[in-house]
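Reader: Could you walk me through what is enclosed inside this protein before I go back to the bench?
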Amino acid sequence: MERLFDIFAKRLAQTDTSFVRSQMNEIEWKARMIGIRGARGVGKTTLLLQHIKLHRNLDSTVLYTSLDNIWFSDHRLYDLASDFVKRGGQFLYLDEVHKYPNWAQELKNIYDDFAELQVIFTGSSLLEILNARADLSRRAVVYEMQGFSFREYLNRNLGLSLPSFKLQELLENHIEIAHRIVSEVRVLAHFDDYLQHGYYPFYNELPSLYRSRVNEVVNLIIDIEFPQLRGVDPAYLPKIKQLLYIVAEASPFIPNITKLGERIGLTRNALLAYLSALHESRLTFSAQKAAFGITRLQKPDKLYLENTNLMYMLAENTPNSGNVRETFFANQLRRDHRVNVSEKSDFMVDGHYTFEIGGKEKGKKQIDNIPDSYIAADNVEHGFVNKIPLWLFGFLY
């Protein structure tokens, strides 16, 4: 255990707290067991270490460790927790729990046997908290973590403190809100940069290597996590990557499951299973029309990459501008809202609001006479009535 404390101390010393994401304040840190899920690269490890540095004492009561550490090849997680508690341990931070065999069962046992110990853990977005054999759903409070919003990108890169807004507040007061933000920063000068390389927090570390690091994120999810966490046959992994390239260059992609399966050599059931895994891994977003019951198990009505940075990394040519706009909108809203394909326009949000996504000249003809309908318009600083700047939806978190 001494070795783990030494590694922890070194990592904590290297942790920068000059910018802390607002999700830090959204987590109920007093819960006995907290889970944080998210795709690779979105900043889960940084969030844990920053919380320790800002809110815990660096003493024997606190320990952070990653479960991909070679130490666990010869030691059990449960035994670590037991020894830690005997030494006065109170706060155990566990990173990458999906790398540890039987993680769910041992976390359940730790929760049940050590009431004095708080456990905070992170894992892949593919982590099945609800379906795990140990059923941690009744024990762990689970949060989902995304990459940077446009607001967070501006705040970190420009040293600003721009606030976030609830959707209802934004819809009602978007003119005033946009004027306030634009008075501090020329948002359109930074929006394209965000769309290309602003989503993953590691951009500022080595900007010249950003594309290769995003590519590494994709490869690790598909090559390692798909077989490990979803039991995908490695022989099919190249076909899954081929599917991602097809989606990246679409405008947007409306899947014909039969034809797509024939094109990449997969049966219908296999293709639907892989589309579901891609969605859960946060590499894609499967958008469906608002429906209930068994129709939710059918094919997506539209298929997007999860964020615009993936589009620019995977597409051989410049991505379709309409697809980029819709991908950005869906990505920024899906964190806290239900986003469906609209019968009459582009999106239906929370079963109530209709949105048409387009350029600065986009008219309202398509949403005329639809209650609570709005245009999200690109390349405009300010909106008017129900026409709202697209970039402003990047201020929801």
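**Cavities and a covered helix**

Reader: How many cavities of 30 Å³ or more does the structure hold?
Author: This is a predicted model, and the structure in it holds two cavities of 30 Å³ or more.

Reader: What volume does the largest cavity have, and which residues line it?
Author: The largest cavity has a volume of about 50 Å³, and its lining is made up of Ala39, Val42, Glu144, Met145, Gln146, Tyr199, Tyr200, Arg282, Glu306 and Asn307. By character, that lining divides into five nonpolar, two polar and three charged residues.

Reader: And what lines the second largest cavity?
Author: The second largest cavity, with about 40 Å³ of space, is lined by Tyr194, Tyr199, Glu306, Asn307, Thr308, Thr327, Phe328, Asn331 and Gln332. Its lining divides into three nonpolar, five polar and one charged.

Reader: Which helix gives the largest share of that second lining?
Author: Helix 13, residues 321-334, gives the largest share, with four residues.

Reader: Switching topic, why is helix 3 described as largely enclosed?
Author: Helix 3 covers residues 77-86, and seven of its ten residues are buried, so the rest of the structure largely encloses it. The buried ones are Leu77, Tyr78, Leu80, Ala81, Ser82, Phe84 and Val85.

Reader: What covers those buried residues?
Author: The cover includes helix 1 (2-13) and helix 4 (103-113), together with strand 2 (62-66) and strand 3 (91-95).

Reader: Which phi does glycine 88 take, just after helix 3?
Author: Glycine 88 takes a positive phi there, of about 95°.

Conventions. Residues are numbered from 1 along each chain as its sequence is written. This is a predicted model: local features need pLDDT of at least 70, side-chain atom pairs count only at pLDDT 80 or more; totals for chains, interfaces and linings use all residues. Side-chain values use heavy atoms; hydrogens and water are left out. Buried means under 20% relative accessible area, exposed over 50%, partly exposed in between (1.4 Å probe, protein chains only). Helices (H or I, at least four residues) and strands (E, at least two) are DSSP runs, numbered from the N terminus. Contact means heavy atoms within 4.5 Å. On a 1 Å grid over the protein atoms alone, a cavity is a set of points where a 1.4 Å probe fits but cannot get out, and a pocket is an open set with protein on both sides within 12 Å along at least five of seven lines; lining residues have an atom within 4 Å of a point. Grid points are joined across faces, edges and corners, and a volume is the space filled by probe spheres set on the points. Ala, Val, Leu, Ile, Met, Phe, Trp, Tyr, Cys and Pro count as nonpolar, Asp, Glu, Lys and Arg as charged, and the others, Gly among them, as polar.
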